[in-house]
Amino acid sequence: MPIDRLSPFIREHYEIHEWRHASAILASDFPGEWADIQATLEDFRLPRSQILTPGGRKSDIAGWLDGQLEARGWREKKFETQIKVDDHTMDAPTHKVDCFKNGVALEIEWNNKDPFYDRDLNNFRLLFDLRAISVGVIITRCSELQAIFDGLGRGKSYGNSTTHMAKLLPRIEGGSGGGCPILVFGISPRLYVED
């Protein structure tokens, strides 16, 4: 199921980008994981109350997305990697992946500093090269949400140097993900609800 065959709801409510046929790989090789991602995206809404709730280690928004995937069997995953040259072995640690299941790595970047994208993409590249993952997925926010944040008086908390689509796309298009197939979903203003 390529992107154009996603549900109308997902196509209308998310900004979607892909590289290296990520959606086709998910649909044909990882149909269960693809179904999990789609169900999570279809159930998600962006409530005003959660935007107004101060962050911390993990916002309510990122926590909700994590929780939905965790309920479907996804887990945070740290990979133990090493490089061996002759008799010399060196640890080559990677960062934890927010959600992992059966070769699919998914990162949720709601409101971190934008260098977190560099970490995520480098992690995808390395883990793909090591054949630990087959596809990387990022759920982030559309840059257009800034108008909502500003209107709610929270604009400074969601500034230009935080994670949003305009900061992510140039990194991927510049090759930061290497050969890893990548699929990106941007949470758009159409998901915003007054509560």
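The following dialogue works through the sheet, the helices packed on it, the salt bridges and the cysteines of a predicted model.

Biologist: Which strands form the open sheet, and in what order?

Modeller: Strands of a sheet pair through backbone hydrogen bonds, in either the parallel or the antiparallel sense. In this model, six strands build an open sheet with the order β1-β9-β8-β7-β6-β3, and the pairing is mixed. Strands β1 (14–19) and β3 (75–77) occupy the edges; each has a single partner strand, so one side of each has no neighbour in the sheet. On average, neighbouring strands are turned by 30° against each other, direction ignored.

Biologist: How many bridges join β7 to β8, and how many join β8 to β9?

Modeller: Strand β7 (residues 104–108) runs parallel to β8 and is joined to it by five bridges; within this pair, Glu107 stands opposite Ile138 of β8. Strand β9 (residues 182–187) is also parallel to β8, with six bridges between them, and Ile182 in β9 is the bridge partner of Gly136. At the β3 edge, β3 and β6 (residues 97–101) pair in the antiparallel sense over two bridges, where Lys77 has Val97 of β6 as its bridge partner.

Biologist: Which way do the residues of β8 point, and are they buried or exposed?

Modeller: In a regular strand the side chains alternate between the two faces of the sheet. In β8, Val135, Val137, Ile139 and Arg141 point one way, while Gly136, Ile138 and Thr140 point the other way, and all are buried. Strand β8 (residues 135–141) is thus listed with seven of its seven residues buried.

Biologist: What hand does the unit of β7, helix α6 and β8 have?

Modeller: Helix α6 (residues 115–129) stands between the two strands in a β-α-β unit that is right-handed.

Biologist: Which strands do helices α3 and α5 meet?

Modeller: Helix α3 (residues 31–43) packs on the sheet and touches β1, β6, β7, β8 and β9, its direction making about 10° with that of β9. Helix α5 (residues 60–71) lies across β3, β6, β7, β8 and β9, and runs at about 160° to β7.

Biologist: How many salt bridges does the structure hold?

Modeller: Side chains of opposite charge can pair when their charged atoms come close. The structure holds nine salt bridges. One of them joins the side chains of Asp36 and Lys101, at 2.8 Å from N to O. Asp36 belongs to helix α3 and Lys101 to strand β6, so this pair ties together parts 65 residues apart in sequence. Asp36 is buried at 10% relative accessible area, whereas Lys101 is partly exposed at 23%.

Biologist: What separates Asp129 and Arg125 along helix α6?

Modeller: Asp129 and Arg125 form a salt bridge whose closest N and O atoms are 3.7 Å apart. The two residues are four apart in α6, which means that about one helical turn separates them. Asp129 is partly exposed at 46%, and Arg125 is partly exposed at 28%. Elsewhere, salt bridges with shared partners join Glu109, Arg119 and Asp120 into one network. Within that network, the closest N and O atoms of Arg119 and Asp120 are 2.8 Å apart; Asp120 is buried at 0% and Arg119 is partly exposed at 23%.

Biologist: Why is Cys180 without a sulfur bond partner?

Modeller: A disulfide requires two cysteine sulfur atoms within 2.5 Å. The closest cysteine sulfur to that of Cys180 belongs to Cys99 and is 15 Å away, so the two are too far apart for a bond. The count for the model is zero disulfides. Cys142 is likewise in no disulfide, its nearest cysteine sulfur, that of Cys99, being 19 Å away. Cys142 is buried at 2% relative accessible area, and Cys180 is buried at 2%.

Definitions and conventions:
Residues numbered from 1 in each chain as written. Predicted model: local features only at pLDDT ≥ 70, side-chain atom pairs only at ≥ 80, totals over all residues. Heavy atoms only, no water. Buried < 20%, exposed > 50% of the residue type's maximum accessible area, 1.4 Å probe, protein only. Pairing = 2+ DSSP bridges. Right-handed = clockwise from strand over helix to strand, strands pointing away. Axes fitted to C-alpha atoms, helices over the stretch in contact; angles between N-to-C directions. Contact = heavy atoms within 4.5 Å. Salt bridge = Lys/Arg side-chain N within 4 Å of Asp/Glu carboxyl O.
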